[in-house]
Amino acid sequence: MSAFQDLGLMAELVRAVADEGYATPTPVQARAIPTVLEGRDLMAAAQTGTGKTAGFTLPMLQRLMATRPEGRRHVRALVVVPTRELCAQVAESVRTYGAHLPLRAVTIFGGVGMQPQVKALQRGADIVIATPGRLLDLAGQRAVDLSRVEILVLDEADRMLDMGFIHDIKRVLALLPKRRQNLLFSATFAPEIRALARSMLQDPAQIDVAPRNSAAETVRQLVYPVEASRKSAALAHLVREGNWYQCLVFTRTKHGANRLAQKLDKAGLEAEAIHGNKSQNARTRALEGFKSGRVRVLVATDIAARGIDIDGLPHVVNFDLPHVPEDYVHRIGRTGRAGAEGEAVSLVSPEERKQLRAIEKLIARDLPRSQLDGFAADLPADGPGDRAHQGPRPGGRGLGGGRGRGQGAGQRRGQGGGDRGQGGQRRGRSGAAAQPRDAGHAGGGSRRRRGGRNRSGTAQAS
Ligand code: AMP
C-alpha cells in the first residue's frame, strides 16, 4: 500500500503523520485523501475506527494552505459533528496533523458558556468544528460568519440524523456559500442520508471502505444467550475470568447504566457509568479513569459513548441490545479500530431475540452463539425465518467464526496463544494499556444543554 507522501500530501502533513507513528494510510485515507485534494465532493461510508478523521482532516488542511488569503482570518472550513466529544476529537486531529501549519481551529458546542467561544471566534479561525445547535445560536448572534466557507464536512451524518439534527443541518447549509467542497461521512447510508447527500453533494466520489452496514472486519463478535436477571453476574464473570482490564459496556437506559455500574463495583470490579444525566466533570473523570486503567468497566448509554476513541479498546459488551440496529454497528465500532483486534460480546436475553434478528439482518450475517457456563439460557426460535439457534454453527460463521459451545471466558483463559491472548497478554503486546488520544475535552456525550461549565471550547491548530 502506498505511503502518505504518495497520496500527494505536503511535507508538513507527512511529517505530522509520521510523528504520530502512522506508516501506512488506512483504506479510507488512501482513497479519500487524493479525492479531496482534487477538490471533489465526497460521500464516504466509513465508520469510526477506520481512520476517517485523518482521511478528511489531512487533505482539508492542505487545501486551506493552498488558498490561504492575505489579511484577517475568516472561517474557510466547517466540520459539523453530532456531539461535543467528537468535536473535541476532530479538533485534536486538526491540532495533531496541523502541528506544522499556521492554521487556527475553534470548537463550538453546547452545554458550556458561549462567551469563551465568542471570544475565540473573535480572535480569528480558519476552521470551525461545531455541533449544529450551538453553531446556529452563534451564527444567529453574528458571532460566526459562515458566508466564506470553502469546505464543509458532515461527520457521522447518520448519527446527526438519528439525533434529530436534520433541520439544524439544513439551516446551517443555508448559511454557506453555494460554491464549496462538501464531504459527507456516515457509518451507514440509510435512505434519509442518501437524500441529504443528493441535496448537498455535486457529482461526489463515493467510498465504501467496509461493505455497507457491515460491522468492522477486525471485530470478533459473539452472542451469549443469558436470562435478563443473570446478566450482571454473567458480565462480572466474563470480566473476572477473562481478565478483561478495559471493557466498555452498553446499556439502553441511564438508570440501567447506574445500576449495573453499582453492582459491578460491589462485586469488586472498578466500574463507572457515563450518561447524559451526569455532570460533564463526572463524565470526564470517568472517561479519564477508564483510559488510565483505574476504571476497569465503563458502562455507557449509546449517546454518551459517541466519540469515545481509545486506541485498541479490547472489549465491548452489549449488556442490552439496542432498539435501533444501526446502534449495534456504532457500538462495536468502539473496538477493533484501525486494524487493532477487538471483541464485541452481546448478552442476549430471550426477550431480545427480535432485536438480535434485526441486527443480523442489518449486518447480513448470523452472529455466532456460545453458551456461557453457569449462565446459559435458551434463545428460542420463534418461527420460520428466525435464525436464532443454540451453539455455534459448524465451522464458525461470520467474523472470527464461532467458538465452541462452553468456551466461555473462563475456558478461554490459557488458550490465548498467537495474537488472541487474554487481556494481560494483549496489554503486553501493545506495550501498555490503550492510550488515550484526547486528554482534553473527552467525556460522555449528550445533547442536553448544561450551563455553568467554564471551559474555553477552543482548540488551536497551530
Ligand atoms: P477514526 O476512524 O478517525 O476515529 O480513527 C480511528 C483511530 O485510528 C484513531 O485513534 C487514529 O488515531 C487511528 N489512526 C488514524 N489513521 C491511522 C493510520 N494510518 N494508521 C494507524 N492508526 C491510525
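**Exercise 1. Work out the strand order of the open six-stranded sheet, and say what packs on it.**

Step 1. Start with the order: this open sheet reads S8-S13-S12-S9-S11-S10, and its strands pair in parallel. Keep in mind that we're working with a predicted model.

Step 2. Find the edges. Strand S8 (219-225) and strand S10 (271-274) each pair on one side only, and that puts them at the edges.

Step 3. Check the twist. On average, neighbouring strands here are turned by 20° against each other, ignoring direction.

Step 4. Zoom in on one pair. S8 and strand S13 (residues 342-348) run parallel and are joined by seven bridges. Within that pairing, Leu 222 sits opposite Val 345 of S13.

Step 5. Add the helix. Helix H10 (residues 231-241) packs on the sheet and touches S8, strand S9 (247-250), strand S11 (297-300), strand S12 (315-318) and S13. The direction of H10 makes about 155° with that of S13.

Step 6. Look at the helix residues themselves. Lys 231, Ala 234, Leu 235, His 237, Leu 238 and Val 239 of H10 are buried. After H10 comes Asn 243, with a positive phi near 55°.

**Exercise 2. Describe the surroundings of strand S2 (residues 77-80), face by face and partner by partner.**

Step 1. Take the faces. Ala 77 and Val 79 lie on one side, Leu 78 and Val 80 on the other, and all of them are buried, so both faces of S2 are covered.

Step 2. Take the first partner. S2 runs parallel to strand S4 (residues 127-130), with four bridges joining them. The bridge partner of Val 79 in S4 is Ile 129.

Step 3. Take the other partner. S2 also pairs with S5, again in the parallel sense and over four bridges. There, Ala 77 stands opposite Ile 151 of S5.

**Exercise 3. Which residues touch the most other members of the largest nonpolar core?**

Step 1. The core has 67 residues, and the best-connected ones are Leu 78, Val 128 and Ile 129.

Step 2. Ask who contributes: helix H4 (residues 84-97) gives the most, seven residues.

Step 3. Follow one hub. Skipping neighbours within four places in sequence, Ile 129 is in contact with Val 79, Val 81, Cys 87, Val 90, Ala 91, Val 94, Ala 105 and Thr 107.

Step 4. Don't stop at one core. Another one, of 53 residues, lies apart from it and includes Cys 247, Val 297, Val 317 and Ala 376. As background, nonpolar side chains in soluble globular proteins tend to be buried together.

**Exercise 4. Characterise the packing of H6 against helix H8 (residues 166-174).**

Step 1. Get the geometry: the angle is about 40° and the axes are 9 Å apart.

Step 2. Classify it. An angle of that size makes H6 oblique to H8.

Step 3. Add the hand: H6 and H8 cross in a left-handed way.

Step 4. List who touches whom. H6 brings Pro 132, Gly 133, Leu 135 and Leu 136, while H8 brings Asp 168, Ile 169, Arg 171 and Val 172.

**Exercise 5. Is Gln 181 buried or exposed?**

Step 1. Locate Gln 181: it belongs to strand S6 (residues 181-186).

Step 2. Count neighbours. There are 21 other C-beta atoms within 10 Å, and the cut-off for burial is 20 or more, so Gln 181 is buried.

Step 3. See what surrounds it. Leaving out neighbours within four places in sequence, Gln 181 is in contact with Gly 39, Asp 41, Glu 150 and Ile 151.

Step 4. Compare sequence with space: Gln 181 and Met 60 are 121 residues apart along the chain, with a C-alpha to C-alpha distance of 9.8 Å.

**Exercise 6. Where are Arg 142 and Asp 203, and what do their phi values look like?**

Step 1. Place Arg 142 in the loop between helix H6 (132-140) and strand S5 (151-154). Its phi is near 60°, positive even though Arg 142 isn't a glycine.

Step 2. Check its exposure: Arg 142 counts as exposed because it has 7 C-beta neighbours inside 10 Å.

Step 3. Place Asp 203 in the loop between helix H9 (191-200) and strand S7 (205-208). Asp 203, also not a glycine, has a positive phi of about 45°.

Step 4. Finish with the count: Asp 203 has 6 other C-beta atoms within 10 Å, so it is exposed.

Note on methods:
Residues numbered from 1 in each chain as written. Predicted model: local features only at pLDDT ≥ 70, side-chain atom pairs only at ≥ 80, totals over all residues. Pairing = 2+ DSSP bridges. Helix = DSSP H or I, 4+ residues; strand = E, 2+ residues; numbered from the N terminus. Axes fitted to C-alpha atoms, helices over the stretch in contact; angles between N-to-C directions. Contact = placed C-beta atoms within 7 Å. Core = buried A, V, L, I, M, F, W, Y, C linked by C-beta atoms within 7 Å. Buried ≥ 20, exposed ≤ 12 C-beta atoms within 10 Å, placed from the backbone. Parallel < 35°, antiparallel > 145°, perpendicular 65-115°, else oblique. Left-handed = near helix turned anticlockwise from the far one by under 90°.
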